[in-house]
Amino acid sequence: MSFTPGPEAEELRAVVRGFLEKRCGEVEIRRWMETEDGHDPAVWRQAAGELGLQGLAVDERWGGSGASTVELGVVFEELGRALYGGPFFGTVALAATVLTELDDQAAQERHLPGIAAGDTTASVVWGGSDPLTSTLRADRDGAGWRLTGRAEPMVDAGLAGLLLAVAATPDGPGVFAVDCTGPVEGLTRTALNPLDLTRKLAAVDLAGVSATAVGVPGEITPALTRALDIAVLALSCEQVGGAARVLEMAVEYANTRVQFGRKIGSFQAIKHKCADMLVAVESARSCAYHGIWAAAHDPAELPIAAGLAGAVCSESYARCALDNIQLHGGIGFTWEHPAHLDLKRARSSRRLLGTPGRHRARLADLLDIPEVSA
Amino acid sequence: MSTDLATVTDLVEKFLAEHPPASTDDQVLRGARFDAGLAYPHFDQGFGGLGVDPTLSPVVERLFLDAGCSDWSSRNVIGLGMAAQTVHTHGTPAQKTKYLRPLFTGEEIWCQLFSEPGAGSDLAALATRAVPDGDEYVLNGQKIWTSLGHMARRGLLVARTDPDQPKHRGLSYFLLDMTTPGVEVRGLRQITGQAEFNEVYLTDARVPAADLLGAVGDGWRVAMTTLMNERVAIGRRGGGRGDGPIGAAVRAYRKAVAEGRADAADRDRLLQLWTRVEAARLTNTRAAARAGQGAPGPEGSIAKLQFAELNKAVFEFAVDLAGDEAMLIDDYTFSRPGASSASHAAQDVRKAYLRSLANSIEGGTSEIMRNILGERVLGLPGEPRIDRDRPWKDVPRS
Ligand SMILES: Cc1cc2nc3c(=O)[nH]c(=O)nc-3n(C[C@H](O)[C@H](O)[C@H](O)COP(=O)(O)OP(=O)(O)OC[C@H]3O[C@@H](n4cnc5c(N)ncnc54)[C@H](O)[C@@H]3O)c2cc1C
């Protein structure tokens, strides 16, 4: 059995990498970092129109290509490598995945075509640290619902045209759609100062915002869990892309910088750091690839595979990004050098969908490894 | 590829029907298996193989083990893990015919006579001399750390045939009969109390020129085949998720919880180890699929490095969970194991812990693995060297 992405996925990778190298280089990334929406809408539309990236895993009925999580993962790996700044994570990894997994036809018909076409940006929001125990509240209001609570920091939520809120109901958690293309009564969104400027974060205040249920509140937990696992894998793939790029950066510098009459890569303190980074990158890659393969071909494995990737990939990326700064010396501490961009991405995405520690704890539960009773 | 798998699986089933493991003598079965080409399916026909893809060989071995056949991988660890591949790659037809079959049946155990007191990581600095005399070579020198030397009928030996050449160029590779007069094996006691490895003294021992493996002076290249296979053999121990030492650690943790000896931090520490072990296992699976067609490359060092460091950490954890038992040991009685215990999880956990400390030394130290990954995989520059182009005899040694 081989869980490595096959030739088709690799072809897609080459196309996406070429596109990102042309339209989304460091110069562009840095320009977008300073803007409110963090990206160039023209590039966003091109990604949707010419490459079909937003709709890659969206069902063909809704204007997507119906590709598997393997292809999706490879795209996220490339986006992570490029530190792409647009609202792709919120729109595709979170919102489109939740809509797909919840399988509410009416909601899909309303929202997925816009996402696939590149017309709608979206995100998923929740209160507290775990979506499954979201502290947002949903109360019935006639045929609809009203949402209350505060969610922060939420990825890509500041300007999204569609918010999917996970909120508690008396029957258990539900998912509720809020159309934000026009003004929404009771909704306040505040842009936050993100540690990672390439990824926009917002605080979302909901004061009785009117919303439509997606799926049946109280019955969506299994589908939402699946969607979140897939999102964790997308994030893991991003982290693999970032970690691998950081390793390239480190090796390139170790092969050029000369001190004491030698390339610094010939010093073992540097060489061994690079070797350990290589092991970290390959470990992360194995877990991420295994995860996206499992999501597509062995769904029963998905929870463990996602937990493993979630535990391993953030650690690997954070470690590589950290060592890369040290390895570059003073230049690695400058704003001009890209090393800090990866460190900040690594540090913040480490918390985005659960810390490594939380993934390990969940994994322990799944493996039936007991807790110590107090 | 998959048709190959089906064909091979079919062959194994037929073979097992004709030679039921329960009622067939082990050595007879292994001999017949060799003759049927099911010993090392990727080897050439006539030499224990069928010439199929190397990824099929572990599959076939698994089928035989599952059918209840005996496992020789620890008893003849060097023979099966390294000697067979090296002889198959570099041997003459006569050498392959002579050595491969008894190696596989277990009639002949092999050992590896590489390391010397003055040449460990820097293997190419070795000093054992081989001087031609008629159609023989005369050997003088000392080898050390020779695992299973006390059991071995044959040894993989690297010796210096030309001290005037730079160190890598003056070496030759021999297949040594360990019963040759002048070969003396003495046990060396390890920190576990046991003596798995040995010193081997060579005093005017004569080896026929016909037992040179590869050309005179080509010993380094042949030795590389052995070492690459060694790293893969050590790093890529098979098994599924949660098998091996990590499985033992999980059981030890459960027991500690039940007996009230664990604390909350232990669970996270266990999961940190578990995830790293599982990541390493998946990396090996990926590397094996990629390496499919060829000989193992320097990436084998990833597997070796991870295996060593994780094994040590896992056993350390298991000992920490043992409570006050961690201050005791079953015993240090001197013994001479008949099999390698390099990865054993079954025995006394404190002894397993002690044994694991050698994992980052044997088969190339972790520092050397990181050098290889840095230089051969990532392409970083080597260190400045004072020994490269000088005749071996002029290079300083400790
Ligand atoms: C249990 C066990 C079984 C063994 N079985 C066999 C066997 O069957 N046959 C056989 O031939 N050998 C065997 N060995 C020997 C083993 O291969 C050597 O011990 C090993 O290669 C290290 O050599 P050394 O012991 O001389 O240490 P040294 O090479 O002297 O190393 C000492 C320290 O220096 C470090 N060091 C050395 N060079 C470098 C460098 N360039 N860069 C960074 N650090 C460096 C090492 O990593 C180590 O930490 C066995 C060893 C053990 C422990």
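This passage walks through a predicted model of two protein chains and a ligand, starting with how the chains meet and ending with some local details of chain A.

The place to begin is the interface of chains A and B. Here 44 residues of chain A are in contact with 39 residues of chain B. Putting the two chains together buries about 3,500 Å², and 66% of that area sits on carbon and sulfur atoms. On the chain A side, A:Lys271, A:Arg360 and A:Val372 lose the most area to chain B, and together they account for 17% of what that side buries.

There is charge pairing at this interface as well. The rule finds 6 salt bridges across the interface of chain A and chain B. A:Arg360, already met as one of the residues that lose the most area, forms a salt bridge with B:Asp268, with 2.7 Å between the closest N and O atoms. Polar contacts add to the picture, with 19 residue pairs found across the interface, both partners at pLDDT 80 or more.

Which elements of chain A supply at least two residues each to the side that touches chain B? They are α7 (221–254), β9 (262–263), α8 (268–297), α9 (302–328) and α11 (356–366). Helix α8(A) provides the largest share of that side, 15 residues. Sorted by type, the residues on this side of chain A come to 22 nonpolar, 11 polar and 11 charged.

Helix α8 of chain A also holds a pairing of its own. A:Glu282 and A:Arg285 both lie in this helix, 3 residues apart, which is about one turn. The two form a salt bridge, their closest N and O atoms being 3.7 Å apart. Over all chains, a search of the whole structure finds 53 salt bridges.

Next comes the ligand, and it lies between chains A and B. Around the ligand are 20 residues, of which A:Gln268, B:Ser121, B:Trp145, B:Thr365 and B:Glu367 come nearest. Nitrogen atoms of the ligand turn up in several short distances to the protein. From chain A, a polar side-chain atom of A:Gln268 lies 2.7 Å from a ligand nitrogen. From chain B, B:Gln112 places a backbone N or O atom 2.8 Å from a nitrogen atom of the ligand. B:Ser147 uses its side chain instead, with an N or O atom 2.8 Å from a ligand nitrogen.

Stepping back to the chains themselves, the domain assignment splits chain A into domain 1 (7–117), domain 2 (122–214) and domain 3 (221–366). For chain B, the assignment gives domain 1 (5–70), domain 2 (110–222) and domain 3 (224–376). In chain B, the centres of domain 1 and domain 3, taken over C-alpha atoms, are separated by 28 Å.

Within chain A, the centres of domain 1 and domain 2 are 22 Å apart, again taken over C-alpha atoms. Their contact draws 26 residues from domain 1 and 17 residues from domain 2. Between them, these two domains bury about 1,600 Å², with 71% of it on carbon and sulfur atoms. How many salt bridges are counted between domain 1 and domain 2 of chain A? The count is 0, while 4 residue pairs are in polar contact, both at pLDDT 80 or more. On the domain 1 side, the elements giving two or more residues are α2 (26–33), α5 (88–102) and α6 (105–117) of chain A. Helix α5(A) gives the most, with 9 residues. That side of domain 1 divides into 15 nonpolar, 7 polar and 4 charged residues.

A few local features of chain A round things off. A:Arg350 lies in helix α10 (residues 339–352). Its side chain makes a polar contact with the side chain of A:Glu315, at 3.0 Å. Leaving out residues up to four places away in sequence, A:Arg350 touches A:Gln239, A:Ser314, A:Glu315, A:Ala318, A:Thr355 and A:Pro356.

The backbone offers two more spots to look at. Most residues other than glycine have a negative phi, and most peptide bonds are trans. A:Glu152 and A:Pro153, however, are joined by a cis peptide bond, with omega about -15°. A:Pro153 is found in strand β3 (residues 144–155) of chain A. A:Asp156 lies in the loop between β3 and β4 (162–169), and its phi is near 55°, a positive value in a residue other than glycine.

Note on methods:
Residues numbered from 1 in each chain as written. Chains lettered and ligands numbered in written order. Predicted model: local features only at pLDDT ≥ 70, side-chain atom pairs only at ≥ 80, totals over all residues. Heavy atoms only, no water. Contact = heavy atoms within 4.5 Å. Buried area = accessible area lost by both parts, 1.4 Å probe. Salt bridge = Lys/Arg side-chain N within 4 Å of Asp/Glu carboxyl O. Polar contact = N/O pair within 3.5 Å; in protein donor to acceptor, adjacent residues only side chain to side chain. Helix = DSSP H or I, 4+ residues; strand = E, 2+ residues; numbered from the N terminus. Nonpolar A, V, L, I, M, F, W, Y, C, P; charged D, E, K, R; others polar. Domains from an automatic or database assignment. Near = heavy atom within 4 Å.
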